[in-house]
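User: Please take a close look at one part of this structure, and then place that part in the context of the whole chain. A formal account with each term explained would suit a first-year student.

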Amino acid sequence: MVLSTSIYRYDGYPRKLAFSYLNEISNEFQQSHGQDALSVSARPFGFSSFDNFLSKTKKIYQDQRVQSNLDRLNNDLTDVKKVMTKNIEDLLYRGDSLDKMSDLSSSLKMDSVKYRKRAQRINFDAMIRQYAVIGGLGLFFMIIIYFRYLR
């Protein structure tokens, strides 16, 4: 059995397509004649029925529409790959941003607790300064009244 190599004469024919052609032929031959081909009693022209499959497959792979469809499919796959790569990069960037935001949030929370306590302390000190003089004078008058009149 002689395989025609006419599909390989075109220099611009893609390697993947050529290997796909050979792989399809190999798989079909293994499925239909695999055990018979390995036997010792195999006749040289016993696989002539396989010639029909070869000619049909050759026509399919030589068709230019198949080539253009495969080129279009490859371009689409390349575009999808670019989009997916960009999406993954965006997700990784968002993950980093979320981690940074979480760190900033916890730091801000700790700072706000610290500033709240400090503000309460400042308010208390201001209240003491404001009412300390009045309280001190009131206490002084109470002591004078106690010692003078109530004793």
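Analyst: Y146 is partly exposed, with a relative accessible area of 46%. In this account, buried means under 20% relative accessible area, exposed means over 50%, and partly exposed lies in between, judged with a 1.4 Å probe on protein chains only. The model is predicted, so local features need pLDDT of at least 70 and side-chain atom pairs count only at pLDDT 80 or more, whereas totals for chains, interfaces and linings use all residues. Residues are numbered from 1 along each chain as its sequence is written, and side-chain values use heavy atoms, with hydrogens and water left out.

F147 is also partly exposed, at 47% relative accessible area. Rings of Phe, Tyr and Trp (its six-membered ring) pair if their centres lie within 6.5 Å; planes under 30 degrees apart are stacked, those over 60 are edge-to-face, and the rest are tilted. By this rule there are 2 aromatic pairs. One of them joins Y146 and F147 in an edge-to-face arrangement, with 5.4 Å from centre to centre and 70° between the planes.

Both residues belong to a nonpolar surface patch, which also includes V133, L137, L139, F140 and F141 and has about 1,300 Å² of accessible area in total. A patch is made of residues with over 30% relative accessible area and no salt bridge; nonpolar side chains (Val, Leu, Ile, Met, Phe, Trp, Tyr) are joined within 5 Å, and like charges within 9 Å. The areas come from the Shrake-Rupley method with a 1.4 Å probe, and for residues only the protein chains shown count as cover. L137, a member of this patch, is found in helix α3 and is partly exposed at 46%.

A record adds to this picture: UniProt, in an unreviewed entry, places a "transmembrane region" at residues 131-149. Its positions are given in the numbering used here, feature names are shortened, and annotations may be inferred rather than shown by experiment. In the model, this span is 100% helix and 0% strand, and its end C-alpha atoms lie 26 Å apart.

Helix α3 also holds charged pairs. A salt bridge is a side-chain nitrogen of Lys or Arg within 4 Å of a carboxyl oxygen of Asp or Glu, and the whole structure has 2 of them. D125 pairs with R121, with closest N and O atoms 3.9 Å apart; the two are 4 residues apart in helix α3, which means about one helical turn between them. R121 is exposed at 51%, while D125 is partly exposed at 26%. K86 pairs with D90 at 3.5 Å between the closest N and O atoms, and these residues are likewise 4 apart in helix α3 (residues 64-150).

For the wider context, the chain has 3 helices and 0 strands, where helices (H or I, at least four residues) and strands (E, at least two) are DSSP runs numbered from the N terminus. Of its 151 residues, 10% count as buried. The largest nonpolar core consists of L17, Y21, I25, F29, F50, L54 and Y61. Helices α1 (15-38) and α2 (50-62) each supply at least two of these residues, and α1 gives the most, with 4. Such a core is a set of buried Ala, Val, Leu, Ile, Met, Phe, Trp, Tyr and Cys residues joined through side-chain atoms within 4.5 Å.
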